[in-house]
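Biologist: I have this model open on my screen and I keep getting lost in it. Please pick one spot, look at it closely, and then walk me outward from there to whatever it connects to.

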Amino acid sequence: MPSLHIKVYDTNTLRPVTAKITLNGFTTINSEVTITDIPSGTYTLTVEAAGYTTYTKTITITTDTIHTVRLVPKAYLLGSSPCPTCPP
């Protein structure tokens, strides 16, 4: 069965962010995790960290996969600072 390796970073600094990572009921708190022996299929990935917007994505796993999550600080979405990587 495939495995999923998840890495969580700040979108601007590219530094690791410790976050709550949830995949269909499996939850851990870390900036990086590998989940092994996942049956092939479609899953909901949610990543939450204080000061960042919540990331939720539906992912399909059929082979070993690396998924990189770049969290956006909430201040950027509120317009208090420019966000160089955010779309206009």
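Modeller: First, a word on naming: a strand here is a DSSP run of E at least two residues long, and strands are numbered from the N terminus. With that in hand, the spot I'd pick is His67, which lies in strand 7. Keep in mind that this is a predicted model.

Is His67 buried or exposed? Its relative accessible area is 12%, and since anything under 20% counts as buried, His67 is a buried residue. Now for its company. Leaving out residues up to four places away in sequence, His67 touches Leu4, His5, Ile6 and Lys7, and also Leu45, Tyr55, Lys57 and Ile59. Let's follow those contacts one group at a time.

Start with Tyr55, which sits in strand 6. Its side chain makes a polar contact with the side chain of His67, at 2.9 Å. Besides His67, Tyr55 touches Leu45, Thr46, Val47, Val69 and Leu71, again not counting residues up to four places away in sequence. Look at Arg70 as well: Tyr55 and Arg70 are 15 residues apart in sequence, with their C-alpha atoms 8.5 Å apart.

Now strand 6 itself. Strand 5 and strand 6 pair antiparallel over seven bridges, and one pair to click on is Leu45 with its bridge partner Lys57 in strand 6. You may recognise both from the list of residues that His67 touches. The two strands form a hairpin with six residues between them, and Gly51 in the turn has a positive phi of about 85°.

On to the other group of contacts, at the start of the chain. Strand 1 covers residues 4-10 and runs antiparallel to strand 4, joined by four bridges. His5, which His67 touches, stands opposite Thr34 in strand 4. How are strands 1, 4 and 7 arranged? They form an open sheet of three strands in the order 4-1-7, with mixed pairing. Strand 4 (32-35) and strand 7 (65-71) are at the edges; each has a single partner strand, so one side of each has no neighbour in the sheet. On average, neighbouring strands of this sheet are turned by 15° against each other, direction ignored.

Just before strand 1 comes Ser3, which is also buried, with a relative accessible area of 18%. Ser3 and Asp64 are 61 residues apart in sequence, yet their C-alpha atoms are 4.8 Å apart in space. Leaving aside neighbours within four places in sequence, Ser3 is in contact with Thr34, Ile35 and Thr36, and with Thr63, Asp64 and Thr65.

Back to the nonpolar side of things. The largest nonpolar core has 19 residues, and those with the most contacts inside it are Ile6, Val8, Leu23, Leu45, Val47 and Leu71. Strands 1, 2 (19-23), 4, 5 (41-48), 6 (55-61) and 7 are the elements that give two or more residues to this core. Two of those high-contact residues, Ile6 and Leu45, are touched by His67.

Val47 is a good one to zoom in on. Its contacts beyond four places in sequence are Val8, Ala19, Lys20, Ile21, Thr53, Thr54, Tyr55, Val69 and Leu71. Ile21 stands opposite Val47 in strand 5, and strand 2 and strand 5 pair antiparallel over four bridges.

While you're in this area, check two loop residues. Asn24, in the loop between strand 2 and strand 3 (26-30), has a positive phi of about 45° although it is not a glycine. Asp37, in the loop between strand 4 and strand 5, also has a positive phi, near 55°. Most residues other than glycine have a negative phi. Asn24 is partly exposed at 47% relative accessible area, while Asp37 at 52% counts as exposed.

Finally, zoom out. The chain has one helix and seven strands, running β-β-β-β-β-β-β-α from the N terminus. Buried residues make up 36% of its 88 residues. Of the contacts with a separation of 6 or more, 49% join residues 24 or more positions apart.

Terms used. Residues are numbered from 1 along each chain as its sequence is written. This is a predicted model: local features need pLDDT of at least 70, side-chain atom pairs count only at pLDDT 80 or more; totals for chains, interfaces and linings use all residues. Side-chain values use heavy atoms; hydrogens and water are left out. Two strands pair if DSSP finds at least two bridges between them. Axes are lines fitted to C-alpha atoms, for helices over the stretch in contact, and angles run from 0 to 180 degrees between N-to-C directions. Buried means under 20% relative accessible area, exposed over 50%, partly exposed in between (1.4 Å probe, protein chains only). Contact means heavy atoms within 4.5 Å. A nonpolar core is a set of buried Ala, Val, Leu, Ile, Met, Phe, Trp, Tyr and Cys residues joined through side-chain atoms within 4.5 Å. A polar contact is a pair of N or O atoms within 3.5 Å; within protein, one must be able to donate a hydrogen and the other to accept it, and residues adjacent in sequence count only if both atoms are side-chain atoms.
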